[in-house]
Amino acid sequence: LLLYQDREYDEAMAALAEILERVAVQSEIASRVADSLDAQLMAVSARAAFELPTENMEAYEVYLSAVRRMNDLPIGEEAIVHSTVVEGLERAIALDPGFADAHAGLAAMLLLKTWLGESDPAERAQARAALAQAERLAPKRLEVLKARALLLYQDREYDEAMAALAE
């Protein structure tokens, strides 16, 4: 009886070792697949993060200069800065009409002027047109989504503005 139990125990241990070996092999395969997928996803993310929004370097430089001026609005000189920022963004668009971020930046700048009470209805219409063009070109670009959210916020559509930023 003791011999029978030892043999049964040995068979059970051999079966368990085989199962553990299979699990180890499956775990190794799963780990390699996960590493491969992770590497592919990281490559896509990195490519998207470093992808320039335009191939026209002059348009991009003009755009960056306008965005810097927009981000550094000096108090008391907003009207002067607004007009130079708008001119810069319009120039970037003239250099590359397919530059969605420049269209979105123009929309945001004109909406900001409206918000500060320095705009007329024609500029608000121009902002809507610039945003519509940006959305046609690249609806999921961050700058486009931010401009859309700003417009919705100004229109007091707060939930929709938050939803636009969540995209």
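1. In which helix of the protein is confidence lowest, and in which is it highest? This is a predicted model, and its confidence is lowest in helix 1 (residues 2-49), with a mean of 62, whereas the highest value, 92, belongs to helix 5. Over the protein the mean pLDDT is 78, and 69% of the residues reach 70 or more. Where pLDDT is low, the predicted coordinates should not be read in detail. That caution applies to helix 1, given its mean of 62, and the points below turn to other parts of the chain.

2. Helix 2, which covers residues 57-71, can be checked against the expected geometry. Its 15 residues should span 21 Å at 1.5 Å a residue, and the C-alpha atoms at its two ends are indeed 21 Å apart, so expectation and model agree. At the start of this helix, a side-chain oxygen of Asn-56 comes to within 3.1 Å of the backbone nitrogen of Glu-58.

3. How do the buried residues of helix 2 lie when seen down its axis? The buried residues are Ala-59, Tyr-60, Val-62, Tyr-63, Ala-66, Val-67 and Met-70. Viewed along the axis they fall within an arc of 165°, and therefore they line one face of the helix. The face turned away from this buried side carries the exposed residues Glu-61 and Arg-68. For Glu-61 the relative accessible area is 54%, which is over the 50% cut-off and so makes this residue exposed. The C-alpha atom of Glu-61 is separated by 8.2 Å from that of Ala-92, although these two residues are 31 residues apart along the chain.

4. A search of the whole structure finds 3 aromatic pairs, and among them is the pair formed by Tyr-60 and Tyr-63, whose ring centres are 6.5 Å apart and whose planes stand at 20°, so that the pair is stacked. Both residues belong to helix 2, where their separation of 3 residues amounts to about one helical turn. An α-helix has 3.6 residues a turn, so residues three or four places apart point the same way. In keeping with their place on the buried side, Tyr-60 and Tyr-63 are both buried.

5. Which residue outside helix 2 pairs with the ring of Tyr-63? The partner is Phe-99: the two ring centres are 5.0 Å apart and the planes are at 55°, so this pair is tilted. The contact links distant parts of the chain, since Tyr-63 is in helix 2 while Phe-99, 36 residues away, is in the loop between helix 3 and helix 4. Tyr-63 has a relative accessible area of 7% and is buried, and Phe-99 is buried as well, with a value of 0%. Taken together, Tyr-60, Tyr-63 and Phe-99 form one aromatic cluster.

6. The salt bridges number 6, and one of the pairs joins the side chains of Glu-58 and Arg-91, with an N to O distance of 2.8 Å. This pair, too, links distant parts of the chain, with Glu-58 in helix 2, Arg-91 in helix 3 (residues 78-95), and their positions 33 residues apart. Glu-58 is partly exposed at a relative accessible area of 40%, and Arg-91 is likewise partly exposed, at 43%.

7. Is the acidic partner of Arg-141, Asp-101, buried or exposed? The side chains of Asp-101 and Arg-141 meet in a salt bridge at 2.8 Å, N to O, which connects helix 4 (residues 100-115), where Asp-101 lies, with the loop between helix 5 (121-137) and helix 6 (142-154), where Arg-141 is found 40 residues away. Asp-101 has 5% relative accessibility and therefore counts as buried, whereas Arg-141, at 27%, is partly exposed.

8. A further salt bridge is formed by the side chains of Arg-148 and Glu-135, at 2.7 Å from N to O. Arg-148 lies in helix 6 and Glu-135 in helix 5, so the pair ties together parts of the chain that are 13 residues apart in sequence. Both residues are partly exposed, Arg-148 with a relative accessible area of 23% and Glu-135 with one of 24%. Separately, Arg-124, Arg-128 and Asp-155 are linked in a network of salt bridges.

How values were computed
Residues numbered from 1 in each chain as written. Predicted model: local features only at pLDDT ≥ 70, side-chain atom pairs only at ≥ 80, totals over all residues. Heavy atoms only, no water. Salt bridge = Lys/Arg side-chain N within 4 Å of Asp/Glu carboxyl O. Helix = DSSP H or I, 4+ residues; strand = E, 2+ residues; numbered from the N terminus. Buried < 20%, exposed > 50% of the residue type's maximum accessible area, 1.4 Å probe, protein only. Phe/Tyr/Trp six-rings, centres within 6.5 Å; stacked < 30°, edge-to-face > 60°. Expected span 1.5 Å × (residues − 1). Arc of directions from axis to C-beta. Polar contact = N/O pair within 3.5 Å; in protein donor to acceptor, adjacent residues only side chain to side chain. pLDDT = per-residue confidence, 0-100.
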